[in-house]
Amino acid sequence: MEWSQVETTAKASGWGTFMATAGSDGRPHVAFIAPAFVDGHIWLATHHSSRKFRNLAANPQVAFHWPVGAEAQVFVRGTVELFTSAEDRHRLWDANMMPYDMHQFFSGPDDPNLVFVEVTPTSASLQRMGGMAAETWKP
């Protein structure tokens, strides 16, 4: 399976999905996010004050689940890089890649609470309903 199929199927589920993180204590946490797909990576924005950020800073491993109606599910695992500098916030804000108006959550690229997160996928699977074997992707 190619990454483009993972991306296309995930996008078919809508604008949002679920991301699982784990903190330094190993406790899991699931958050609803609205990601962007850019050049084989998954991007999201979060608040510096959030549990999501604290977990990502402590443990850069994440997992996603996209339920695609009654027909399929997409699962992705990846490793994150956090972008918190003013220069990065401006560059990534100006890229306008997020699938929503960032002003709904942040005052602008100078908002110190804004963190951009880049996820490099490490594996993915597409499970179609009906007992079919999962299709897998690895870089």
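Which residues of α3 are buried? Keep that one in mind while you get your bearings; this is a predicted model, and the tour comes back to α3 shortly.

**Whole chain**

Start with a cartoon view. You should find three helices and eight strands, and walking along the sequence gives the pattern α-β-β-β-β-α-β-β-α-β-β. The radius of gyration is 15 Å, close to the 14 Å that the globule rule gives for 139 residues, so the protein is as compact as a globular protein of that length. Turn on a bounding box if your viewer has one: along the principal axes, the C-alpha atoms fill roughly 50 × 35 × 25 Å. Of the 139 residues, 45% are buried. Among contacts with a separation of 6 or more, 63% join residues 24 or more positions apart.

**Helix α3**

Now select residues 86–94, which make up helix α3. Here is the reply to the opening question: Asp88, Arg89, Leu92 and Trp93 are the buried ones. Look down the axis of α3 and these buried residues fall within an arc of 125°, so they line one face of the helix. To see what covers them, show β4 (41–47), β6 (72–83) and β7, which are among the covering elements. Then spin the helix round: the face turned away from the buried side carries Glu87 and Asp94, both exposed.

Stay on α3 and show the side chains of Asp88 and Arg91. They form a salt bridge, with the closest N and O atoms 3.1 Å apart. The two residues sit three places apart in the helix, about one turn. Asp88 is buried, at 18% relative accessible area, while Arg91 is partly exposed at 45%. Before you leave, step just past the end of α3 to Asn96, which takes a positive phi of about 50°.

**Helix α1**

Next, select residues 3–11, helix α1. Glu7 and Lys11 make a salt bridge here, and their closest N and O atoms are 2.9 Å apart. Why are they about one helical turn from each other? Because they are four residues apart in α1. As a general point, an α-helix has 3.6 residues a turn, so residues three or four places apart point the same way. Glu7 is buried, with 17% relative accessible area, and Lys11 is partly exposed, with 44%.

**Strand β7 and its surroundings**

Jump to residues 114–128, strand β7, and pick out Ser125. Is Ser125 buried or exposed? It counts as buried because its relative accessibility is 18%. Beyond its neighbours within four places in sequence, Ser125 is in contact with Met1, Gln73, Val74, Phe75, Glu135 and Thr136.

Glu135 is worth a second click: this residue forms a salt bridge with Arg128, the closest N and O atoms being 3.2 Å apart. Glu135 is partly exposed at 28%, and Arg128 is also partly exposed, at 30%. The protein's count of salt bridges comes to three.

**Out on the surface**

Finish with a surface view. The protein exposes about 7400 Å², and carbon and sulfur atoms supply 52% of that. Colour Trp15, Phe18, Val30 and Phe32 and you will see a nonpolar patch of about 460 Å². Val30 belongs to strand β2, residues 28–33. With 56% relative accessibility, Val30 counts as exposed.

Key: Residues are numbered from 1 along each chain as its sequence is written. This is a predicted model: local features need pLDDT of at least 70, side-chain atom pairs count only at pLDDT 80 or more; totals for chains, interfaces and linings use all residues. Side-chain values use heavy atoms; hydrogens and water are left out. Patches are made of residues with over 30% relative accessible area and no salt bridge: like charges are joined within 9 Å, nonpolar side chains (Val, Leu, Ile, Met, Phe, Trp, Tyr) within 5 Å. Accessible areas come from the Shrake-Rupley method with a 1.4 Å probe; for residues, only the protein chains shown count as cover. A salt bridge is a side-chain nitrogen of Lys or Arg within 4 Å of a carboxyl oxygen of Asp or Glu. Buried means under 20% relative accessible area, exposed over 50%, partly exposed in between (1.4 Å probe, protein chains only). Contact means heavy atoms within 4.5 Å. The arc is that of the directions from the helix axis to the C-beta atoms. The radius of gyration is taken over C-alpha atoms; the globule rule is 2.2 Å times the number of residues to the power 0.38.
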